[in-house]
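This report covers salt bridges, a pocket and a surface patch. The sequence and the structure come before the discussion.

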Amino acid sequence: MGAAERQRRYRERRKAGRRVLQIEIDEVELTAALERMKILSPLDADDDGAVLQAFHKMVRVLCQGLADDA
């Protein structure tokens, strides 16, 4: 992907009110939390795509819940 494409995608995200964050997290703690929250099946704990999808869902749920409390 070239610089122009990265810039275009950056502008689209910012216009939509989104941002990309890089985090470092313990994978065992994350999968355990997602399993306890019933967002991730224990059978999918080794599937990086499923863990990422579940993490995104957890963040959306948490953000929505906090917005509802405001």
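## E5 and its salt bridge

In this predicted model, E5 has a relative accessibility of 31% and is therefore classed as partly exposed, since that class lies between the limits of 20% for buried and 50% for exposed. The side chain of E5 meets that of R8 in a salt bridge, with an N to O distance of 2.5 Å. R8 is likewise partly exposed, at 37% relative accessibility.

The two residues stand 3 positions apart in helix 1, so about one helical turn separates R8 from E5. Side chains of opposite charge can pair when their charged atoms come close.

## The network in helix 1

R8 has a further partner in E12: the closest N and O atoms of this salt bridge are 2.3 Å apart. Here the spacing is 4 residues, again about one turn, and both E12 and R8 belong to helix 1. Through shared partners, the salt bridges link E5, R8 and E12 into one network.

E12 is also partly exposed, its relative accessibility being 45%. The structure as a whole contains 2 salt bridges.

## The largest pocket

What volume does the largest pocket have? The value is about 830 Å³. Its lining comprises 22 residues, and those closest to the centre of the pocket are L21, L52, F55, H56 and V59. The elements that contribute two or more residues to this lining are helix 2 and helix 3, the latter spanning 48-69.

Which helix gives the most to the lining of the largest pocket? Helix 3 does, with 8 residues. By residue class, the lining of the largest pocket divides into 12 nonpolar, 3 polar and 7 charged residues. As for how such space is detected, rolling a probe the size of a water molecule over the atoms shows where empty space is left.

## The nonpolar surface patch

On the surface, L21, I23 and I25 make up a nonpolar patch, and together they have about 320 Å² of accessible area. L21 thus appears in two settings: it is a member of this patch, and it is among the residues closest to the centre of the largest pocket.

I25 is located in the loop that runs between helix 1 (3-15) and helix 2 (27-36). With a relative accessible area of 46%, I25 is partly exposed; this value satisfies the patch criterion, because patch residues need over 30% relative accessible area.

Key. Residues are numbered from 1 along each chain as its sequence is written. This is a predicted model: local features need pLDDT of at least 70, side-chain atom pairs count only at pLDDT 80 or more; totals for chains, interfaces and linings use all residues. Side-chain values use heavy atoms; hydrogens and water are left out. Patches are made of residues with over 30% relative accessible area and no salt bridge: like charges are joined within 9 Å, nonpolar side chains (Val, Leu, Ile, Met, Phe, Trp, Tyr) within 5 Å. Accessible areas come from the Shrake-Rupley method with a 1.4 Å probe; for residues, only the protein chains shown count as cover. A salt bridge is a side-chain nitrogen of Lys or Arg within 4 Å of a carboxyl oxygen of Asp or Glu. Buried means under 20% relative accessible area, exposed over 50%, partly exposed in between (1.4 Å probe, protein chains only). On a 1 Å grid over the protein atoms alone, a cavity is a set of points where a 1.4 Å probe fits but cannot get out, and a pocket is an open set with protein on both sides within 12 Å along at least five of seven lines; lining residues have an atom within 4 Å of a point. Grid points are joined across faces, edges and corners, and a volume is the space filled by probe spheres set on the points. Ala, Val, Leu, Ile, Met, Phe, Trp, Tyr, Cys and Pro count as nonpolar, Asp, Glu, Lys and Arg as charged, and the others, Gly among them, as polar.
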